[in-house]
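Q: I'm new to reading protein structures and would like a close look at a single part, followed outward into the rest. Could you walk me through it slowly, with the reasoning spelled out?

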Amino acid sequence: MHKIPVPRHDEDESDSTSDSDTDSLFDSSDDEADTASDTDLDNPLEEVNNNTDDDNDDDDLFDDEVRHSPEYYIAASANLDVGRLRQKRYRPKTRERLDWVKEHHDQYCTFIREDPVQCFQKVSAKFLYGFLCWVCDERRGKGGRRRPGIKHTSSLETFWKWYLMVYRRETGEKIDGMVQVQGQDVVKVVAIEKELDGTMRESATMYVEDLAEYARVLLITREMTFQLGWLRIQLILFCQLAGITGNRPEALVQLRYRHLKLTLIRDHKNPRPRLFIELTAEFTKGFLGMKDANEFKIPEIIYDPTLVLSPHTFLLGMLFKVQAFKSPSIVSPEKLYSLNVLNGMNEQQLPLRDELSDDFIICQAVETAGGVCLARQLQLSSNSVRYRMKIGGQITGFAQVTKPYVLRDGAAKALNESPDVSDSLQNLILQHSSIDTFLKHYLDRNINVDVQNIYRGQAPQRDLMRFACSMSRSIDPRRPWKLTTEQSASINGLPCIGEEKYQKACRRLKSEKQRQRRLLLVDIVDRFKKEQPVIDSERQLSGKVVNEDTRDAFERSDQMTPEHLCLIDAILTLPETSLENEYQRRIAAVNGGVEEGPASRRIQRGRPLKVDGPPVKAEEPDALSQAILSIKTEKRPTICFLCVGNPALPVRERVIS
């Protein structure tokens, strides 16, 4: 059989798929064939068709039959665009990226007054040179918005790969081999002429030790505010599941309660059963069609050294908060852990309520007139998770960028190093077609073995080398991650800010300020990275340094709610010596998650309340009605309608202008 060649892409967008699914369509056993034959012979419709002498009493059997003329199918065949079949097998985000590259091609052709379709037909090295130069120089996107443009050689190479896919999609064939080779040389020439940065971004891997410290910071920090305590808990749970299962972020944020199964399974070595979380991630990468979903069975670890890595603790806190168990008596962790497995059985299933089946586990929080509440029907986007993880990594003090894929990298390397996981099982867990994908995209050039001791025949220092290659090595909570008030205000004196004219729209001025703040922060962080090690060394050598624990820089107990403090005290505990005390430890941690879930004190952002004016008298009966009237009648009211409609606030804050 002739095989259709499949284009190769980078790992973030594809893993090639074997032909086993196609071959399985033609695999049928003799029993299946015999069954099909028997069914055909016994088909009642055959008897109806053969009974031509009977009356038309059974014509109602065909009332729902769909009938079309031959011209209908001929027209349908003629209208099929074969050249666009391939893109239907890509996931929506991939198609969006292809359309984005296609827009660049069309904009450039319009700019040079050429027909985009004709440019595809007569593409050449000269055309590619002009096109890629224009792409590097373009600084405005849709609606005239400023964009950073291409600054790295790797970004230009990725754009070139996308363009090859767009060319094949639009023309139905691959680009000429000679033009493709010349295009690769053009990319190198353009990168040199445009002085693009050719250095590779430092790769990072979050091992379990890094995740423990990262989750601890997320648990205790008040530098990053959450509208609800639930959002803090679900972010930690996301990181735990990403490290354990190695799933992609898009698969985890689409988890619903129907993808969860909780079961008590008999443990023959212990008197009490073990709680299992059975997790099925249905929405894996969609390249070349949906893949078969893996089901992960995660047992609870008794005498866990740290509950900050226990997904059972955080997930149970969320489940009890929404009263998710179908059994009306399971309303607390005490009730759950008092259950056992019946004699003669090996498991006790714990089903969840059916009405929660379509709700998202990683969900959003929305603001209403009554305050902030959970919207379990709304999925939290993977971009929101990436942003939160990035800020959390900066607060922790990691020098590397913290993102979901550093957890997937850590999971992949742990699977590869484990003697209990074969290459085939590793490929199955990571949804890879072969081990080559791991070697190309996950196994970086950061050698984490003690080659010196191995060469000298001595015992390698595994723990030390692992720590030396981990993200925790770079932790420095003093590393700047946001601007101070004075630093943020200093950009107002820059010439590019002062020259902006007010009548050109404040939006562009605000955008320019934000860009300058970002550039200033990048400059401050870069100077910190270069100068702080020298300062620390000089202070130590001069005897002027006190060896203080810098990790307390982000711990502010006076800014934490009592529920938050109880959660921290319950999670950051050591394992107990007896089984009964260990379960009490876990129950206390789950209850702490339930209490933290509903609310977390929110630090108000935006303009401060005006307090220099005359105070509003709360007892004044018409103050609230006047505020409501001003919102309804004034063209640009200065009173917040959300505050007015929130009965939980004092009257003074509801009517403040």
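A: C363 counts as buried because its relative accessibility is 0%, and the cut-off for buried is under 20%. Keep in mind as we go that this is a predicted model. Strand 5 covers residues 363-368, and V366 lies in this strand too. V366 has a relative accessibility of 25%, so V366 counts as partly exposed.

Let's stay with V366 for a moment. Leaving aside residues up to four places away in sequence, V366 touches G371, V372, C373, A375 and L378. V366 also shows how a folded chain brings together distant positions: Q227 is 139 residues away in sequence, yet the two C-alpha atoms are 9.0 Å apart in space. The protein as a whole tells a similar story. Among its contacts with a separation of 6 or more, 69% are between residues 24 or more positions apart.

Now let's turn to another buried cysteine. C119 has a relative accessibility of 3%, so C119 counts as buried. When you meet cysteines, it is natural to ask about disulfides. A disulfide is a covalent bond between the sulfur atoms of two cysteines. For C119, the closest cysteine sulfur belongs to C109, at 3.4 Å, which is too far for a bond. The cut-off here is 2.5 Å between the sulfur atoms, and by this rule the protein has zero disulfides.

C109 takes us into helix 5, which is a good place to practise reading a helix. Helix 5 has 20 residues, from 92 to 111, and at 1.5 Å a residue it should span 28 Å; the end C-alpha atoms are 28 Å apart, so the two values agree. Which residues of helix 5 are buried? They are T94, L98, V101, K102, H104, H105, Y108 and C109. These residues cover an arc of only 145° around the axis, which puts them on the same side of helix 5. If you wonder how such a side can form, a general rule helps: an α-helix has 3.6 residues a turn, so residues three or four places apart point the same way.

The other side of helix 5 looks outward, with P92, E96, T110 and F111 exposed. In between these two classes is D99, which also lies in helix 5; its relative accessibility of 35% means that D99 counts as partly exposed. D99 and V166 are 67 residues apart in sequence, but their C-alpha atoms are 8.0 Å apart in space. What do the buried residues of helix 5 pack against? Their partners are helix 6 (116-121), helix 7 (125-137) and helix 8 (153-171).

Just after helix 5 comes a detail of the backbone: R113 takes a positive phi of about 60°. Most residues other than glycine have a negative phi. E195 is not a glycine, and still has a positive phi of about 55°. E195 sits in the loop between helix 9 (177-193) and helix 10 (208-220), and E195 is exposed, with a relative accessible area of 71%. Q323, not a glycine either, has a positive phi of about 50°. The place of Q323 is the loop between helix 13 (311-321) and helix 14 (333-337), and with a relative accessible area of 34%, Q323 is partly exposed.

For another helix to set beside helix 5, try helix 16. Helix 16 has 14 residues (404-417) and reaches 21 Å from its first C-alpha to its last, close to the expected 20 Å. Helix 16 is mostly covered, with eleven of its 14 residues buried, including Y405, L407, D409 and L415. The buried residues of helix 16 pack against several helices, among them helix 11 (229-245), helix 15 (382-396) and helix 17 (423-430).

Finally, step back to the whole protein. Its secondary structure comes to 28 helices and six strands, and 37% of its 657 residues count as buried. Some empty space remains inside: a search finds four cavities of 30 Å³ or more. The largest cavity has a volume of about 50 Å³, and its lining includes L264, R272, E300, Y337 and Y583.

Conventions
Residues are numbered from 1 along each chain as its sequence is written. This is a predicted model: local features need pLDDT of at least 70, side-chain atom pairs count only at pLDDT 80 or more; totals for chains, interfaces and linings use all residues. Side-chain values use heavy atoms; hydrogens and water are left out. Helices (H or I, at least four residues) and strands (E, at least two) are DSSP runs, numbered from the N terminus. The expected span of a helix is 1.5 Å times one less than its number of residues. Buried means under 20% relative accessible area, exposed over 50%, partly exposed in between (1.4 Å probe, protein chains only). The arc is that of the directions from the helix axis to the C-beta atoms. Contact means heavy atoms within 4.5 Å. On a 1 Å grid over the protein atoms alone, a cavity is a set of points where a 1.4 Å probe fits but cannot get out, and a pocket is an open set with protein on both sides within 12 Å along at least five of seven lines; lining residues have an atom within 4 Å of a point. Grid points are joined across faces, edges and corners, and a volume is the space filled by probe spheres set on the points.
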